[in-house]
Amino acid sequence: MTEPDVLEASALAEIEGMLVTLSTLFTDAGFEPVQPAHLFPAETLLDLYGEDIRARAFLFPDPVQGDEMCLRPDFTVPVAMAHGKRGWDQMGRYCYHGPVFRQQEAGIARPVEYLQAGIEDFGELDQAAADCRIFQIIHRGLDALAAPPSRTTIGDLGIVFALLDTMEMPEGRRQQLRRHIWRPARFHALLDHFGRPGPQPTPRRAAVLAAASEGRLEAVLAEAGEPIGLRSPVSIRDRAAALLAASKDPVMPSDSVRLIEAVLDLECPADQAPARLSDVLEAGGIRLDAAIETLSRRLDALSSAGFDLSSLIFDADFGRNLEYYDGFVFEVTVENWSEGPPIAGGGRYDTITARLGAEAPRPAVGGIIRPEALREARGQWR
């Protein structure tokens with residue numbers, strides 16, 4: 001863990017000035033200032049963030065309630081939770097700034113505490129307009145803070161979800177791929193696994209699977225004596241049933257594997273993305289007209305707002321690391337500063353609202369700027 005920096009007066013004043021500039025910009029755009037708590041119940045928060053953030057969260061015991069508490073890894077979920085208390089059927093636009101906390105992997109020289117300033121937009125039914133509004137305001141903030149030359153990458157996780165939903169495959173396989181779409185290494189490993197004949201089970205596993213298929217699993221487990229490990233008989237039974245069902249699934253056709261990989265490999269200027277995606281999909285015998293139309297409407301909105309689509313990079317594989325994103329995603333990085341973190345980013349996360357209590361997914365999109373990273377990036381260009 002790196003030592004926290006102690007900011008000198010001049011640096012502190014510079015960052016405070018950046019935050020004032022952003023707060024004024026956000027509130028003038030119609031976003032209501034909010035300030036979520038630093039600590040939240042860990043179970044609620046981490047189930048929504050996913051495995052990546054779970055592994056990097058700061059957890060603390062609550063001596064009163066006996067539960068674990070979590071320092072907020074970012075603002076999105078806490079702000080969504082606060083909006084849900086007001087009512088999911090309402091529209092709401094919020095802005096905020098403050099520290100967030102994430103542990104870093106060994107050898108990565110990035111802070112464990114850093115500032116975010118951002119906005120969240122709930123309930124806007126015109127998703128293209130809302131996506132464009134967030135994207136535009138975040139870029140206005142970067143301009144107001146004199147950001148150095150940067151590269152903006154956009155993506156659309158809705159394309160990948162739609163592809164998986166359209167392709168013919170066993171439902172259990174589809175659910176596995178959907179569950180791991182935010183973990184690229186695991187996702188690609190699953191694709192490779194599904195595209196190959198499965199290995200023969202070990203004798204012990206074969207015996208367990210045979211017992212499960214014949215309804216004798218409980219008796220076999222009882223004969224084995226005291227179980228080794230922490231899994232309960234019910235957990236072992238359920239896992240055996242899942243493995244037995246998966247063993248009967250056919251190998252995924254190589255054409256299907258190649259099509260998914262071809263879609264995820266697509267990277268091009270954003271103005272070319274709808275046509276390039278359509279070409280790749282149609283070559284594989286699939287049409288995703290609704291998903292492509294959603295992408296096209298968003299790009300049209302960005303173009304009408306003054307963005308040069310040929311300078312935005314569309315990457316179909318981008319954005320798969322935070323489990324609450326499920327649609328439009330974007331990230332801004334500084335040119336020729338590969339060792340630095342992104343200075344801004346955001347995206348759409350409708351699905352999380354249902355997991356937080358809405359009767360059905362409600363429109364939700366947001367974005368953030370990292371003032372300290374931006375200040376450091378400006379120093380690299382001076």
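Three exercises on a predicted model follow, each with a worked solution.

Local features need pLDDT of at least 70 and side-chain atom pairs 80 or more, while totals for chains, interfaces and linings use all residues. Residues count from 1 along each chain as its sequence is written, and side-chain values use heavy atoms, without hydrogens and water.

**Exercise 1. Find which strands stand at the edges of the sheet, and say why one side of each lacks a neighbour.**

Step 1. Helices (H or I, at least four residues) and strands (E, at least two) are DSSP runs, numbered from the N terminus. Two strands pair if DSSP finds at least two bridges between them.
Step 2. The open sheet has nine strands in the order E1-E5-E6-E12-E11-E10-E7-E9-E8, with mixed pairing.
Step 3. E1 (32-33) and E8 (267-269) are the edges; each has a single partner strand, so one side of each has no neighbour in the sheet.
Step 4. E8 pairs with E9 (residues 313-315), antiparallel, over three bridges. Glu267 lies opposite Asp315 in E9.

**Exercise 2. Determine which strands helix H13 touches.**

Step 1. Contact means heavy atoms within 4.5 Å. Axes are lines fitted to C-alpha atoms, for helices over the stretch in contact; angles between N-to-C directions run from 0 to 180 degrees.
Step 2. H13 (residues 273-283) packs on the sheet and touches E8 and E9. Its direction makes about 145° with that of E8.

**Exercise 3. Classify Cys95 and Cys268 as buried or exposed, then count disulfides.**

Step 1. Buried means under 20% relative accessible area, exposed over 50%, partly exposed in between (1.4 Å probe, protein chains only).
Step 2. Cys95 has 5%, so Cys95 is buried. Cys268 has 4% and is buried.
Step 3. A disulfide is a pair of cysteine sulfur atoms within 2.5 Å. The count is zero.
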